[in-house]
Structures are given as C-alpha cells and as structure tokens.
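Here are a few short exercises to work through with the structure open in your viewer. Try each task yourself before you read the solution.

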Amino acid sequence: MTLFIDDNLEQLPDGRVVCRHCGQVLGDAAQPLREARVRETAPATAGPSVRENASRFTDRPVVFRQTFCPTCLTQLQAEIVPGDEPSSRHRSLAVDA
Ligand SMILES: [Zn+2]
C-alpha cells in the first residue's frame, strides 16, 4: 500500500519515499529526505515578513533552509532554524508490524 505523506511525498510499499511529482526516490522511512537537495540562505530571503536580523536575539547563526527534490526542484520543506542544527522537522513513517 502506498502511504500518502503530504502533497509532495509518498512512501511506496517497498518502503522507499518518493517525490509525488516526478517519482524521484528521496529516501526511506528512517531518512525520508536523505537524497533531497538543501539550500541555506539568509532568513530575509524567506520573504518580506522576515524583517528582523536574528543577531538581535541570538549569538547563533540562523539560516533559511529549503529542501528540494533533486529532479523536479519541487520545494519539499522550508524552515528558519539555527544553522548549526539539523532540521527540526521530522516525519515519523515507521509502522510497528
Ligand atoms: Zn520531484
């Protein structure tokens, strides 16, 4: 059974996670976006609603991190996070048998 994850991702019966737009294999249940491409830019590039400089609130570097399908370049997720941390967004796809 194919598992709908979100508008851009699905998990195939064999456990692979693929892009719903082009079929590119992106990962598996443990690491759904392992093969995705990541771009990090300044938080202000997220749009006009991000105006304050993060250095006013923290000494840590803050980045706008976008994750894309490497084949069709669909944006799979976006987050403004400390640049020295891994993604804070997680998808739990594991199913107990
Ligand atoms: Zn794709």
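The exercises below go from the overall fold to the sheets and then to the core of this predicted model.

**Exercise 1. Work out which secondary structure elements the chain has, and in what order they come.**

Solution.
- Step 1: Count the elements; there are 7 strands and 0 helices.
- Step 2: Read from the N terminus, which gives β-β-β-β-β-β-β.
- Step 3: Add the chain-wide figures. The chain has 97 residues, and 12% of them are buried. Among contacts with a separation of 6 or more, 35% link residues that are 24 or more positions apart.

**Exercise 2. Find the order of the strands in the sheet that holds E1, and say which of them stand at its edges.**

Solution.
- Step 1: Follow the pairing across the sheet: 4 strands line up as E1-E2-E3-E4, antiparallel, in an open sheet.
- Step 2: Look for strands with a single partner. These are strand E1 (3-4) and strand E4 (25-27), so each has one side without a neighbour in the sheet.
- Step 3: Zoom in on one pair. E1 and strand E2 (residues 9-11) run antiparallel and are joined by 2 bridges. Here Leu3 lies opposite Gln11 of E2.

**Exercise 3. Do the same for the sheet that holds E5: what is the strand order?**

Solution.
- Step 1: Trace the pairing, again antiparallel; the 3 strands of this open sheet come in the order E5-E6-E7.
- Step 2: Pick out the edges, strand E5 (37-41) and strand E7 (75-82), each of which pairs on one side only.
- Step 3: Check the angle between neighbouring strands of this sheet, which averages 20° with direction ignored.
- Step 4: Inspect E5 against strand E6 (residues 62-68). Their antiparallel pairing extends over 5 bridges, and Glu40 has Arg65 in E6 as its bridge partner.

**Exercise 4. Which residues make up the largest nonpolar core, and which strand gives the largest share?**

Solution.
- Step 1: Start from the general expectation: in soluble globular proteins, nonpolar side chains tend to be buried together.
- Step 2: List the members of the largest nonpolar core. The 8 residues are Leu9, Val17, Val18, Cys19, Leu26, Ala36, Cys69 and Leu76.
- Step 3: Assign them to strands; strand E3 (residues 17-19) supplies 3 residues, the largest share of this core.
- Step 4: Take Cys19 and leave out residues up to four places away in sequence. Its contacts are then Asn8, Leu9, Gln24, Leu26, Cys69, Thr71, Cys72 and Thr74.

Definitions and conventions:
Residues are numbered from 1 along each chain as its sequence is written. This is a predicted model: local features need pLDDT of at least 70, side-chain atom pairs count only at pLDDT 80 or more; totals for chains, interfaces and linings use all residues. A residue is buried if 20 or more other C-beta atoms lie within 10 Å of its own, exposed if 12 or fewer, and partly exposed in between; C-beta atoms are placed from the backbone. Two residues are in contact if their C-beta atoms, placed from the backbone, lie within 7 Å. Two strands pair if DSSP finds at least two bridges between them. Axes are lines fitted to C-alpha atoms, for helices over the stretch in contact, and angles run from 0 to 180 degrees between N-to-C directions. A nonpolar core is a set of buried Ala, Val, Leu, Ile, Met, Phe, Trp, Tyr and Cys residues joined through C-beta atoms within 7 Å.
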